[in-house]
Amino acid sequence: MKCVIFDLDGTLADTSGDLIEAANACFRTRGLGDLLDETKDRLTALRGGRAMLRLGFARSGREDEEAVERTFPEFLGRYREVIDVRTVLFPGAVVAVDALRDAGYRVGICTNKPEALAELLLCRLGVRDRFASLVGADTLPVRKPDPQALLEAVTRASGNPARSMLVGDTETDVRTARAAGVPVALVSFGPEGERVARLEPDALLPDFGALGRIVAELIG
């Protein structure tokens with residue numbers, strides 16, 4: 001069965017606003033104010049909680065990795081509280097995923113967001129039942145870019161790894177796909193735009209209206 005696996009943050013949904021708010025809430029409780037900007041720091045937000053905390057503490061003059069690790073559990077709790085306040089699915093994502101399913105493809109998700117948070121977000125957005133698999137950062141002992149995370153998402157979706165591909169938005173997704181030996185398409189509507197071409201994916205996805213064509217070209 002042909003299979004398309006999607007990253008979540010920055011690929012299917014713009015989660016940056018809620019991620020930044022959760023990080024800023026952590027900084028505010030420490031009397032540091034809002035250290036991250038919802039517009040300027042979108043790219044850092046899509047690299048994960050630790051990346052945001054690291055940047056914020058550095059801006060406050062505290063390049064302290066221990067502080068990042070101490071704060072991370074609090075960040076996760078605060079993020080859970082605001083997980084769907086600002087987050088939206090990218091235009092056309094649902095229609096494109098439904099079209100793949102109607103055409104006989106299996107679809108799933110492989111994300112470096114903790115599985116429980118990914119599950120919660122997808123349910124809140126009303127799209128969890130569209131995906132046959134969900135592998136998060138803590139589903140397995142390994143996470144992306146380890147190829148096992150992607151291959152597990154394919155297996156749980158009843159897909160064939162030899163007829164599968166990944167749709168993502170970062171270097172991590174490219175490294176994951178290359179390690180797994182599958183094609184990868186990167187969205188070019190994220191914070192970096194078409195600059196993601198420097199990562200040399202197999203295709204660039206300018207919008208979800210082009211997804212069906214790109215999938216057909218890469219895996220048939």
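**Alanine 153**

I started with alanine 153, which counts as buried at 0% relative accessibility. The model I am reading is a predicted one. Alanine 153 sits in helix α7, residues 147-156. I then looked up what alanine 153 touches, leaving out residues up to four places away in sequence. The contacts are Ile5, Ile109, Cys110, Ser133 and Val135. I checked one of these partners by its C-alpha atom. Serine 133 is 20 residues from alanine 153 along the chain, yet their C-alpha atoms are separated by 5.7 Å.

**Cysteines**

Cys110 had come up as a contact of alanine 153, and I went on to disulfides. How many disulfides does the structure have? I count zero. Cysteine 3 is in no disulfide, and the nearest cysteine sulfur, that of cysteine 110, is 11 Å away. I looked from the other side too. For cysteine 110 the closest cysteine sulfur is in cysteine 3, and at 11 Å that is too far for a bond. The cut-off I used is a pair of sulfur atoms within 2.5 Å.

Are these cysteines buried or exposed? Cysteine 3 is buried, with a relative accessible area of 0%. Cysteine 110 is buried as well, at 1% relative accessibility.

**Helix α5**

Next I took helix α5, which spans residues 93-102. I noted Ala93, Ala96, Val97 and Leu100 as its buried residues. They line one face of the helix, because they fall within an arc of 95° when I look down the axis of α5. A general point helped me here: an α-helix has 3.6 residues a turn, so residues three or four places apart point the same way.

What does the buried side pack against? I found β1 (3-6), β4 (106-110) and α9 (211-219). On the face turned away from the buried side I noted the exposed residues Val95 and Asp102. Just after α5, glycine 104 takes a positive phi of about 100°.

**The cavity**

I then searched for enclosed space. The structure holds one cavity of 30 Å³ or more. The volume of the largest cavity is about 40 Å³. Which residues line the largest cavity? My list reads Leu12, Leu89, Ala93, Val94, Val97, Val127, Arg130 and Phe131. By class I have seven nonpolar residues, no polar ones and one charged. Helix α5 gives the most to this lining, with three residues.

**The largest pocket**

I moved on to the open space. The largest pocket holds about 770 Å³. Its lining has 37 residues. I marked the ones nearest the pocket centre: Leu46, Arg47, Gly48, Asn112 and Arg143. The lining has 16 nonpolar, eight polar and 13 charged residues. Which helices supply at least two lining residues each? I wrote down α2 (42-45), α3 (49-59), α4 (65-81) and α8 (171-180).

**Glutamate 69**

I picked out one residue of helix α4, glutamate 69. At 36% relative accessibility, glutamate 69 counts as partly exposed. I compared its place with that of leucine 53. The two are 16 residues apart in sequence, and their C-alpha atoms are 8.9 Å apart in space.

**Backbone oddities**

Last, I went through the backbone angles. Most residues other than glycine have a negative phi, and most peptide bonds are trans. I noted departures from both habits.

- Lysine 144 and proline 145 are joined by a cis peptide bond, with omega about 15°. I place proline 145 in the loop between β5 (134-135) and α7.
- Serine 158 has a positive phi, near 65°. I find serine 158 in the loop between α7 and β6 (164-168). Serine 158 is partly exposed, with a relative accessible area of 48%.
- Glutamate 200 has a positive phi too, near 55°. I find glutamate 200 in the loop between β7 (184-187) and β8 (203-205). Glutamate 200 counts as exposed, at 61% relative accessibility.

Conventions. Residues are numbered from 1 along each chain as its sequence is written. This is a predicted model: local features need pLDDT of at least 70, side-chain atom pairs count only at pLDDT 80 or more; totals for chains, interfaces and linings use all residues. Side-chain values use heavy atoms; hydrogens and water are left out. On a 1 Å grid over the protein atoms alone, a cavity is a set of points where a 1.4 Å probe fits but cannot get out, and a pocket is an open set with protein on both sides within 12 Å along at least five of seven lines; lining residues have an atom within 4 Å of a point. Grid points are joined across faces, edges and corners, and a volume is the space filled by probe spheres set on the points. Helices (H or I, at least four residues) and strands (E, at least two) are DSSP runs, numbered from the N terminus. Ala, Val, Leu, Ile, Met, Phe, Trp, Tyr, Cys and Pro count as nonpolar, Asp, Glu, Lys and Arg as charged, and the others, Gly among them, as polar. Buried means under 20% relative accessible area, exposed over 50%, partly exposed in between (1.4 Å probe, protein chains only). The arc is that of the directions from the helix axis to the C-beta atoms. Contact means heavy atoms within 4.5 Å.
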